[in-house]
Every structure is written in structure tokens, then in C-alpha cells.
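Here are some notes to read alongside the model, written for someone opening it for the first time. Keep the viewer open and work through the points in order.

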Amino acid sequence: MEIAGKVAIVTGAGAGIGAALAHRLVAGGARVVVADLDADSAAKVAGELGENAVAVGGDVADEQVVAALIEAAERAFGPVDLYFANAGIGGGPGLDSTEEQWAAAIDVNVMAHVRAARLLVPGWVERGSGYFVSTASAAGLLTQIGSAPYSVTKHAAVGFAEWLSVTYGDQGVGVSCLCPMGVDTRLLSGDLIPENPEAAALAIKAVKTAGAVLSPEEVAETVVEAVAAGHFLILPHPEVLQMYRNKGADYDRWLSGMRRFQAMLQTASR
């Protein structure tokens, strides 16, 4: 789908990848609803974008908030063409993650996507056109050392995006799934597991050691190119594809290698 003239909603757009996506979409001729839990951050980004953007604050894991985003888009610009389910959180560390941390990660990283699709996809099927972009992570294809909730929910986000594509891809609904490694955002600056600095440090070191840390703008450019081409898997770090192939080719060897990698990181941190 070409973005010029289209109406888009971007969640988690108050900073990071979401803000960069909003800027890139408007630069490409789209009109955008900038959504973020932090209403002030959303308003700031929308203000930078002028008349082609409006801001809505709220928790996009809440279906009523998603409905409000759609209503705001329709009121300001017209029917929604693209939805970027970009908001995400880290969650907890490992088996000591609390029920609340698991529930929050599932709600934001997975169910927010499900609830948005529930509201948008039937209308897109009726129109014969629409596009859903899920921000998952390379952790959703591989794993995330240091955070079980993040790894598990990002796997689920990839799985839901796959299911959407299989189920609705022949009915006019495009689906892409963004799976980057390191990106220079707040998650990589300590927000991945804010309640557990030690686990966060291990998780962040694993990401930074695995490959380059890209800017949000670089990722946004890759996303727009992939959407225009209709590619499902968006890999700003191309090496992730080979890692994923290695995992599938010999799962036991891959798991053994990940354990060695984890041990190396833990030793280096002492």
C-alpha cells in the first residue's frame, strides 16, 4: 500500500519508532492520528506535524480508546487505511515476574493488536482495502534474554500477525510484522524492565551485543518501504533472517548457542 493520501493511526507515537513513523507517514503524504499513553507527548508530535496530524491520549490496550482513535481519524480525515500497532512494554524479568507484569505485557503487546483488528478488519474486508502493521521484535522470532514476558508476548504478536495475513490476506487486508533488534528508544535505555535494573541490563546488553543499534528514523523508513512492497516480515536488521533460519534448521544447537551467549553476557557483567 502506498501511503500518499492515506489515513493512518500510529500507537506509541509519542516517541521512538512511533514518532518517527508518524513523521515519515506525513512526509509521504499521509494524515495521521498520533496516539500515546502520554497525551502530552502525543500532542507534541502532532504539533510538529501540523494540520495533517491530530493527537489522542490513552491506553491503546483499552478497546474503547482504540474506538476513540478510529472516531478521531474519521472525524478529522476520513476512514482509516492503515493501523500501526506500535505501542509496547517490556514486562518483567523471568519466573519471578509478577502476575501483574505478565498481564500488562499480554494486554499491551498482544491484546491491543487483537482489539484494534477486531474493530478495523471487518470494515476493511467490506471495503476491500486496509493495512495492519504489528510492531513485534526480533525477540518474537528468536527470544529475549532477561525477560520472559517480553519474549513470550512478542512471539504472540508475530503469531497474531501471521494469522491475520493468512485469514484476511486474500480479502484486501495487508499485514506486516516489524521485528527489529536494537533501536535507540526508551526501551533500550532502561525501560525494558524498569522494576529490575539487573535483568534490564542483561536484556539490553544482549540486544546491543547482537547487532547495530538503529535510529527510529532508519526503522521508519524501512517500514514504509516494506508496506509499499507488501512485505510481511520487516527486518531492519537483515541478519535476523539468518538467525531465524539457523534456529529453524537446528533448534537444539540454537538453544545451546543461546545458553552460551547468555552465560558470556552474565560473566562479562560481573
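**Notes on a predicted model**

1. Let's start with a charged residue: R115 is buried, with a relative accessible area of 17%. What does it pair with? R115 forms a salt bridge with D107, and their closest N and O atoms are 2.7 Å apart. D107 is partly exposed, at 28% relative accessible area. Do keep in mind that this is a predicted model.

2. The salt bridge count comes to six. Another one of them joins the side chains of R24 and E221, at 2.7 Å from N to O. This pair links distant parts of the chain, since R24 is in helix α1 (residues 16-27) and E221 is in helix α7 (residues 216-229), 197 residues apart. How accessible are the two partners? R24 is partly exposed, with a relative accessible area of 24%, and E221 also counts as partly exposed, at 30%.

3. For a pair within one helix, look at E71 and R75. They form a salt bridge in which the closest N and O atoms are 3.5 Å apart. The two residues are four apart in helix α3, so about one helical turn separates them. E71 is partly exposed, at 49% relative accessible area, while R75 is exposed, at 63%. As a general reminder, side chains of opposite charge can pair when their charged atoms come close.

4. Stay in helix α3 (residues 63-76) for a moment, because L69 lies there too. Is L69 buried or exposed? L69 is buried, with a relative accessible area of 1%. Leaving aside neighbours within four places in sequence, L69 is in contact with I9, T11, V33, A35, V56, V60 and Y83. G50, by contrast, is 19 residues from L69 in sequence, and the two C-alpha atoms are 18 Å apart in space.

5. L69 also turns up in the largest nonpolar core. That core has 41 residues, and the ones with the most contacts inside it are I9, L69, Y83, W124 and F132. Which elements each supply at least two residues of this core? They are β1 (7-10), β2 (31-36), α3, β4 (82-85), α4 (99-127), α5 (148-168) and β6 (173-178). A separate core has 34 residues, among them V10, A19, A30 and I234. In soluble globular proteins, nonpolar side chains tend to be buried together.

6. Y83 deserves a click of its own. Not counting residues up to four places away in sequence, Y83 touches I9, T11, V66, L69, A116, L120, W124, Y131, F132 and V133. I9, L69, W124 and F132 in that list are, along with Y83 itself, the residues with the most contacts inside the largest core.

7. Now the aromatic rings, where the count comes to four pairs. The ring centres of W163 and Y168 are 6.0 Å apart and the planes are at 80°, so the pair is edge-to-face. W163 is partly exposed, with a relative accessible area of 46%, and Y168 counts as partly exposed at 24%. Together with F160, W163 and Y168 form one aromatic cluster.

8. How do the rings of Y251 and W254 meet? Their centres are 6.1 Å apart and their planes are at 90°, so this pair is edge-to-face as well. Y251 and W254 are three residues apart in helix α9 (residues 251-269), which puts about one helical turn between them. Y251 is partly exposed, with a relative accessible area of 46%, whereas W254 counts as buried at 14%. W254 has a charged partner too: the charged end of K247 sits over the ring of W254, 4.8 Å from its centre.

9. Last, the cysteines. How many disulfides are there in the whole structure? A search finds zero. Why is C177 not bonded to C179? The sulfur of C179 is the closest cysteine sulfur to that of C177, but at 3.9 Å the two are too far apart for a bond. C177 is buried, with a relative accessible area of 0%, and C179 likewise counts as buried at 0%.

Notes. Residues are numbered from 1 along each chain as its sequence is written. This is a predicted model: local features need pLDDT of at least 70, side-chain atom pairs count only at pLDDT 80 or more; totals for chains, interfaces and linings use all residues. Side-chain values use heavy atoms; hydrogens and water are left out. Buried means under 20% relative accessible area, exposed over 50%, partly exposed in between (1.4 Å probe, protein chains only). Contact means heavy atoms within 4.5 Å. Rings of Phe, Tyr and Trp (its six-membered ring) pair if their centres lie within 6.5 Å; planes under 30 degrees apart count as stacked, over 60 as edge-to-face and the rest as tilted. A charge sits over a ring if NZ of Lys or CZ of Arg is within 6 Å of the ring centre and within 35 degrees of the ring normal. A salt bridge is a side-chain nitrogen of Lys or Arg within 4 Å of a carboxyl oxygen of Asp or Glu. A nonpolar core is a set of buried Ala, Val, Leu, Ile, Met, Phe, Trp, Tyr and Cys residues joined through side-chain atoms within 4.5 Å. A disulfide is a pair of cysteine sulfur atoms within 2.5 Å.
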